[in-house]
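Ready for a few short exercises? Have a look at the entry below, then try each task before reading its solution.

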Amino acid sequence: MDHFTLKDGVLHAEDVPLPLIAEAVGTPVYVYSRATLERHARVFREALGNVPDKLIAFAVKANPNLAVLKVLQGQGLGADVVSVGEMRRALAAGIAPEKIVFSGVGKTAAEMRAALEAGIGQFNIESEEEGAELAAIAAGMGLTAQCALRVNPDVDAGTHDKISTGKADNKFGVPISAAGQIFATLARLPGIHLRGVAVHIGSQLNDLAPLETAFGKLGALVTALRGAGHAITHVDLGGGLGVPYRRGEQLPQPAEYGAMVARVTKDWGARLIFEPGRVIAGNAGVLLTRVIRVKRGIRDPFVIVDAAMNDLARPALYGAYHHFEAVAPRGGKMVANIVGPICETGDTFAMGRECDALDAGDLAVFRTAGAYGATMASSYNSRGFVAEVLVDGDRFAVVADRIEAGAIMAAERVPEWLG
Ligand code: LLP
């Protein structure tokens with residue numbers, strides 16, 4: 001459930017009519033709802049009510065906006081980060097260092113040092129090589145890094161190939177078959193305290209079965225590791241829960257996920273870490289856009305909006321579906337190709353889509369844009385970076401300024417020797 005609803009025929013974010021935001025901030029603009037973010041955090045936590053000892057660490061990559069992180073910090077969430085940039089954001093939002101988990105296959109030595117200095121809660125080590133490097137760096141600093149070993153369970157998550165992470169040929173984690181031996185090797189090193197295991201098999205999962213399979217394999221590994229004399233106190237189950245992008249789409253509910261987790265992990269006796277991203281932020285945001293013009297097509301008309309693939313990359317990257325609707329629907333429908341102004345055919349949000357009838361100047365939204373939206377923006381075609389707004393009841397604030405193309409150009413230099 002979200003707080004983007006039609007009131008008196010006009011789409012509102014909570015109590016703010018979207019045309020008011022378009023007027024004040026311009027378009028395209030991402031609009032987030034605080035009440036929706038808080039509701040999703042609460043629903044996820046309540047779904048895990050039967051898990052006694054847990055940390056819910058929001059996957060910052062899904063929406064790293066500082067104000068969004070501040071809202072989630074207020075809900076008691078920690079942060080799953082994959083770069084020092086994300087770590088600094090989490091800290092700036094007031095998230096306690098011990099609630100920060102650092103994942104990612106390519107942590108640099110500088111990032112390891114910065115995270116050790118900050119005193120983060122856990123490093124999820126993704127290879128034997130990385131573990132050895134982290135151990136040496138931490139030992140050199142006279143510190144001990146708290147760590148879990150990320151394993152690759154070789155489970156097909158059944159999602160888009162580009163967002164699957166748990167198949168044997170993906171770059172993530174160590175093969176589960178080698179995990180026992182790698183764990184033993186790393187556990188001996190000074191500088192790290194290897195206390196657990198981690199898994200994340202992919203994103204936008206529309207079925208709990210692959211997750212349950214992966215968690216079952218992880219449980220067996222925990223038993224084997226304990227059998228070999230290792231104390232396993234932390235298990236990180238990653239993120240991945242899908243959200244509905246289409247109207248009426250049925251996906252596993254957080255409560256079903258929570259029940260499955262409680263059942264599978266009931267005898268583990270370990271602190272569980274969760275890294276939800278999309279399920280918290282996805283439906284808490286829309287991308288508000290204005291129709292530039294409607295162009296006749298051979299078959300369907302092209303609705304050319306002022307948002308483009310640089311602002312919302314998911315359709316171009318993954319062929320992703322984002323529901324598209326008018327802010328002030330007039331009742332009529334049309335079948336249209338919805339495209340942005342960028343000069344490539346990939347800048348297409350939908351082909352042959354039935355949607356609200358729209359004319360030049362009308363406002364519309366792409367739904368479910370709160371996760372992996374603004375964060376994946378680029379400045380392609382010198383379009384600058386889109387602005388972001390947070391709504392709270394009947395008030396709103398710009399939480400990320402629009403970065404105009406000129407500001408990006410100002411950071412470029414023409415060397416003197418070019419004349
Ligand atoms: N933990 C780890 C280690 C991850 O790699 C990810 C996402 C998450 C947690 C959060 O997953 P979530 O709960 O949001 O599914 N750009 C793509 C999604 C990439 C996800 C990458 N990893 C998209 O727009 O669909």
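## Exercise 1: Two backbone oddities

Pro 28 sits in the loop that links helix 1 (18-25) and strand 4 (29-33); helices (H or I, at least four residues) and strands (E, at least two) are DSSP runs, numbered from the N terminus. This is a predicted model, in which local features need pLDDT of at least 70 and side-chain atom pairs count only at pLDDT 80 or more, while totals for chains, interfaces and linings use all residues. Residues are numbered from 1 along each chain as its sequence is written, and side-chain values use heavy atoms, with hydrogens and water left out.

**Task.** Describe the peptide bond from Thr 27 to Pro 28, and the phi of Gln 204.

**Solution.** Start with the background: most residues other than glycine have a negative phi, and most peptide bonds are trans.
- The bond from Thr 27 to Pro 28 is cis, its omega being near -5 degrees.
- Gln 204, although not a glycine, has a positive phi of about 55 degrees.
- Gln 204 belongs to the loop between strand 11 (192-198) and helix 8 (209-227).

## Exercise 2: Where two domains meet

**Task.** Characterise the interface of domain 1 and domain 2.

**Solution.** Let's go step by step.
1. Domain 1 covers 4-32 + 282-410 and domain 2 covers 104-274, with bounds from an automatic or database domain assignment.
2. The domain centres, taken over C-alpha atoms, are 35 Å apart.
3. In contact (heavy atoms within 4.5 Å) are 11 residues of domain 1 and nine residues of domain 2.
4. The two domains bury about 960 Å² between them, 52% of it on carbon and sulfur atoms; this is the accessible area (1.4 Å probe) lost on being put together, summed over both.
5. One salt bridge is counted between the domains, where a side-chain nitrogen of Lys or Arg must lie within 4 Å of a carboxyl oxygen of Asp or Glu. Glu 325 and Arg 247 form a salt bridge through their side chains, at 3.4 Å, N to O.
6. On the side of domain 1 that touches domain 2, helix 11 (residues 314-318) gives the most, with three residues.

## Exercise 3: Around the ligand

**Task.** Which residues come nearest to the ligand?

**Solution.** Of the 18 residues around the ligand (a heavy atom within 4 Å), the nearest are Ser 203, Glu 275, Arg 314, Tyr 318 and Tyr 372. Now take three polar side-chain atoms in turn:
- that of Arg 314 is 2.6 Å from a ligand oxygen atom;
- that of Tyr 318 is 2.8 Å from a ligand nitrogen atom;
- that of Tyr 372 is 2.7 Å from a ligand oxygen atom.

How values were computed:
Polar contact = N/O pair within 3.5 Å; in protein donor to acceptor, adjacent residues only side chain to side chain.
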